[in-house]
Amino acid sequence: MSWGTELWDQFDNLEKHTQWGIDVLEKYIKFVKERTEIELSYAKQLRNLSKKYQPKKNSKEEEEYRYTSTRAFLATLNEMNDYAGQHEVISENMTSLIIGELTRYVQELKQERKSHFHDGRKAQQHIETCWKQLEASKRRFERDCKEADRAQQYFEKMDADINVTKADVEKARQQAQLRHQMAEDSKAEYSSTLQKFNSEQHDHYYTHIPNIFQKIQEMEERRIVRIGESMKTFADVDRQVIPIIGKCLDEITKAAESVDHKNDSQMVIEAFKSGFEPPGDVDFEDFTQPMKRTISESSLSNSRGDGKYEPKFGGKSKGKLWPFIKKNKGAGPEDFSNLPPEQRRKKLQQKVDELNKDIQKEMDQRDALTKMKDVYIKNPQMGDAASVDHRLSELEQNIEKLRLEVQKFEGWLAEVEGRLPSRTEQARRQSGLYEAQNTSAVNSCAQDRESPDGSYTEEQSQETEMKVPATDFDDEFDDEEPLPTIGTCKALYTFEGQNEGTISVAEGEMLYVIEEDKGDGWTRIRRNEDEEGYVPTSYVEVYLDKNAKDVYKSLQKISE
């Protein structure tokens with residue numbers, strides 16, 4: 001099955017068909033190019049999506065990624081980034097293996113097609129020229145034959161006419177012979193040209209055109225094979241990245257299977273556990289007895305937590321410098337005493353670990369410099385051993401400072417871990433915390449003594465501690481009227497009030513309550529007319545008189 005034999009007379013149609021084949025190839029190249037652009041755009045969108053949901057550094061979001069569910073989500077984001085990379089690989093491979101190769105092939109194909117059809121047109125022009133030569137020879141032969149017939153007839157007419165001279169007859173005879181000879185020559189030429197044309201025509205339709213059409217057929221078949229191979233490559237490029245994409249999906253599945261709800265629940269406990277014990281039972285209020293009710297430590301803590309009762313007196317007491325804790329609006333204290341016990345323990349442990357890592361780094365540098373110094377001592381030409389002494393001295397000082405820091409934080413950590421087990425020890429820890437830091441608290445709380453969230457927070461530093469002169473407090477107390485008694489209290493533990501505004505109590509001692517806890521962990525009490533001050537609320541059991549409390553609320557409303 002050959003185009004040269006089957007389509008010998010379809011030169012124009014073959015020319016149109018091969019041009020259509022090139023158009024199809026260029027259309028396929030355009031299709032693949034648009035596919036690569038889609039892959040790049042998709043990969044870019046996937047990367048932007050992954051970046052958009054990545055946790056921001058040094059932010060609260062980064063802390064949230066310690067849970068297994070959020071870690072799985074982070075792994076999904078990372079795998080989606082790799083997934084996007086595979087789509088970029090698809091685009092790159094299609095561009096190089098299909099678009100680039102086919103574009104070069106199309107240029108070569110156009111040149112080859114142009115050459116073949118140029119040869120075909122040349123062969124057609126040659127056979128047309130031969131045909132024209134044959135036609136010209138045929139016309140000459142026909143013309144010469146007619147001229148010879150006319151000359152013969154003229155000779156016969158002259159020969160039959162008796163009036164014509166012999167010379168005229170001879171002239172007519174010679175002319176007839178000449179024309180006859182010309183006709184014979186034209187006949188011979190026509191015969192020769194005809195044979196030549198037939199030979200050329202045979203070669204044209206059985207040799208030249210079949211060869212040219214065969215080359216065009218082979219060219220077209222190569223084009224068809226090439227576009228088929230490109231389509232196979234199109235699929236193979238996708239298939240090559242399927243294993244890697246599969247691994248990405250497997251990693252996402254693995255991350256999803258790693259989600260542990262029990263572990264996350266435990267981490268919530270570790271993140272928010274305060275270390276405090278739940279409040280005790282609320283005491284029964286017997287209204288058949290004299291109007292006195294008992295408010296337990298737990299009920300007071302509940303009222304503080306709900307924020308329903310925060311009695312305040314006139315403007316004088318609002319601005320006084322009392323030794324309770326101000327809400328932290330900046331960096332917390334160095335020993336994390338603003339945190340609940342369990343959270344404080346975690347922060348201290350974390351700080352100790354960080355300091356130990358810093359110590360290890362400094363020790364590694366010291367060891368490296370020591371080895372370098374030994375090398376310099378053994379080989380003075382390599383360097384001066386004394387040049388590293390200054391740096392070694394700095395490292396030793398840094399290590400010593402860091403060790404002191406570790407000891408300090410380990411001491412606080414031991415204090416927390418040693419006092420966590422019992423409720424009594426927790427109360428004592430809170431008191432110790434206040435006593436250790438209330439000097440700074442007096443300074444920081446001069447403008448605002450209330451702590452709305454009820455947490456023990458304050459701003460302090462060991463270097464900037466300062467005490468408020470007692471005369472400031474004396475002036476404040478001298479200017480205001482004595483507060484009325486609103487109840488009594490019993491000291492549960494001994495408290496040494498060594499700071500301004502506090503009062504020392506002994507365990508089991510009964511005292512008067514003159515100001516309830518306002519949410520800052522302190523209750524104002526009075527022993528006699530000359531002795532009054534603040535004690536930690538957790539150190540006393542308060543009994544408020546109902547009528548006195550009503551009066552207290554009325555005074556508060558009037559003050560407001």
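Two strands count as paired if DSSP finds at least two bridges between them. Keep that rule handy for the last stop on this tour.

**Before you start**

You're looking at a predicted model, where local features need pLDDT of at least 70, side-chain atom pairs count only at pLDDT 80 or more, and totals for chains, interfaces and linings use all residues. Residues are numbered from 1 along each chain as its sequence is written, and side-chain values use heavy atoms, with hydrogens and water left out.

**The whole protein**

Show everything as a cartoon. The secondary structure comes to 13 helices and five strands; these are DSSP runs numbered from the N terminus, with helices (H or I) of at least four residues and strands (E) of at least two. Of the 560 residues, 36% count as buried. Buried means under 20% relative accessible area, exposed means over 50%, and partly exposed is in between (1.4 Å probe, protein chains only).

Switch on the surface, and you have about 33800 Å² exposed, with carbon and sulfur atoms supplying 51% of it. Those areas come from the Shrake-Rupley method with a 1.4 Å probe, and for residues only the protein chains shown count as cover.

**Stop 1: the largest core**

Select Leu-25, Tyr-28, Val-32, Met-94, Ile-98, Phe-213 and Ile-216. These have the most contacts inside the largest nonpolar core, which has 32 residues. A nonpolar core is a set of buried Ala, Val, Leu, Ile, Met, Phe, Trp, Tyr and Cys residues joined through side-chain atoms within 4.5 Å. Helices α2 (11-52), α4 and α5 (166-257) each supply at least two residues of this core, and α4 gives the most, with 12 residues.

Now centre on Ile-98. Leaving out residues up to four places away in sequence, Ile-98 touches Tyr-28, Val-32, Asn-93, Thr-103, Ser-230, Thr-233 and Phe-234. Touching, or contact, means heavy atoms within 4.5 Å.

Hop across to Ser-230, in helix α5. Why does Ser-230 count as buried? Its relative accessibility is 6%. With the same sequence neighbours set aside, Ser-230 touches Tyr-28, Ile-98 and Leu-102.

**Stop 2: salt bridges between helices**

Next, colour the charged side chains. A salt bridge here is a side-chain nitrogen of Lys or Arg within 4 Å of a carboxyl oxygen of Asp or Glu, and by this rule the count comes to 27.

Pick Lys-110 and Glu-26: their closest N and O atoms are 2.8 Å apart. Lys-110 lies in helix α4 and Glu-26 in helix α2, so this pair ties together parts that are 84 residues apart in sequence. Lys-110 is partly exposed at 34%, and Glu-26 is partly exposed at 31%.

Then select Glu-189 and Arg-140, whose side chains meet in a salt bridge (2.4 Å, N to O). Glu-189 sits in helix α5 and Arg-140 in helix α4, so the pair ties together parts that are 49 residues apart in sequence.

For a bridge inside one helix, go to Arg-223 and Glu-220, with closest N and O atoms 2.5 Å apart. Both lie in α5, three residues apart, about one turn of the helix. Are Arg-223 and Glu-220 buried or exposed? Both are buried.

**Stop 3: a charge without a bridge**

Zoom in on Asp-144, found in helix α4 (residues 68-160). Asp-144 is buried yet has no salt bridge; the nearest side chain of opposite charge, Arg-143, is 4.3 Å away. For charge, Lys and Arg count as positive and Asp and Glu as negative, while His and the chain ends are not counted. Setting aside neighbours within four places in sequence, Asp-144 is in contact with Arg-179, Met-182, Ala-183 and Ser-186.

**Stop 4: the strands**

Finally, select strand β1 (residues 487-491). Which residues of β1 point to one face and are buried? They are Gly-487, Cys-489 and Ala-491, while Thr-488 and Lys-490 point to the other face and are not buried.

Add β2 (residues 510-515), which runs antiparallel to β1 and is joined to it by four bridges. In β2, Val-513 is the bridge partner of Gly-487. Then add β5 (residues 540-544), also antiparallel to β1, with five bridges between the two. Here Lys-490 stands opposite Glu-541 in β5.
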